[in-house]
Amino acid sequence: MKYKFFDQRAQECHVAMIQALQNLATQLEQERCQESRLVEKAVSKLVKAKIRDRQTVTAIEKEIANTLDSE
């Protein structure tokens, strides 16, 4: 009887630990998804900024070229 009690307690402990690990795995997956979305947003903003920079440089180059041509 005594061992049955300890066996039952050990089983309950194992079930609780398994549940905790499953919860942690789920939480980690959610955090990874959230991090991936944040990285995607950051990359998108960087790409847009790079495009704007390139467009600005191109516009300045054209303005300089037009100014030099008109002289």
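**Notebook: one helix, its salt bridges and patches**

I began at V47, which counts as partly exposed at 45% relative accessibility. V47 lies in helix 1. I note here that the model is a predicted one.

**Nonpolar patch.** I looked up what V47 belongs to on the surface. V47 forms a nonpolar surface patch with V39, V43 and I51. The area of this patch is about 330 Å². The relative accessible area of V47, 45%, passes the patch cut-off of over 30%.

**Fold.** I then checked the secondary structure. The protein has one helix and zero strands. I compared the radius of gyration with the globule rule: the protein comes to 31 Å, well over the 11 Å given for 71 residues, so it is more spread out than a compact globule. Helix 1 covers residues 2-70. I took the extent of the C-alpha trace along the principal axes, and the spans are about 105 × 10 × 5 Å.

**Burial and surface.** I asked what share of the residues is buried. The share is 0% of the 71 residues in the protein. Buried here would need under 20% relative accessible area. For the accessible surface of the protein I have about 6,900 Å². Carbon and sulfur atoms account for 60% of that surface.

**Salt bridges.** I searched the whole structure and have two salt bridges.

I entered R9 with E12 as one of them, at 2.8 Å from N to O. R9 and E12 are three residues apart in helix 1, which means that about one helical turn separates them. I looked up the exposure of both partners. R9 is partly exposed, with a relative accessible area of 38%, and E12 is partly exposed at 39%.

I entered R54 with E61 as another, at 3.6 Å from N to O. This N to O distance, 3.6 Å, falls within the 4 Å cut-off for a salt bridge. R54 has a relative accessible area of 46% and counts as partly exposed. E61 is also partly exposed, at 44% relative accessibility.

**Charges.** I looked for a patch of like charge. R37, K41, K45, K48 and R52 form a positive surface patch. I placed one of these residues, R52, in helix 1. For the protein as a whole I have 12 positive and 11 negative charges. How far apart are the mean positions of the positive and negative charges? I have them 10 Å apart.

Notes
Residues are numbered from 1 along each chain as its sequence is written. This is a predicted model: local features need pLDDT of at least 70, side-chain atom pairs count only at pLDDT 80 or more; totals for chains, interfaces and linings use all residues. Side-chain values use heavy atoms; hydrogens and water are left out. Patches are made of residues with over 30% relative accessible area and no salt bridge: like charges are joined within 9 Å, nonpolar side chains (Val, Leu, Ile, Met, Phe, Trp, Tyr) within 5 Å. Accessible areas come from the Shrake-Rupley method with a 1.4 Å probe; for residues, only the protein chains shown count as cover. A salt bridge is a side-chain nitrogen of Lys or Arg within 4 Å of a carboxyl oxygen of Asp or Glu. Lys and Arg count as positive and Asp and Glu as negative; His and the chain ends are not counted. The place of a charge is taken as NZ of Lys, CZ of Arg, CG of Asp or CD of Glu. Helices (H or I, at least four residues) and strands (E, at least two) are DSSP runs, numbered from the N terminus. Buried means under 20% relative accessible area, exposed over 50%, partly exposed in between (1.4 Å probe, protein chains only). The radius of gyration is taken over C-alpha atoms; the globule rule is 2.2 Å times the number of residues to the power 0.38.
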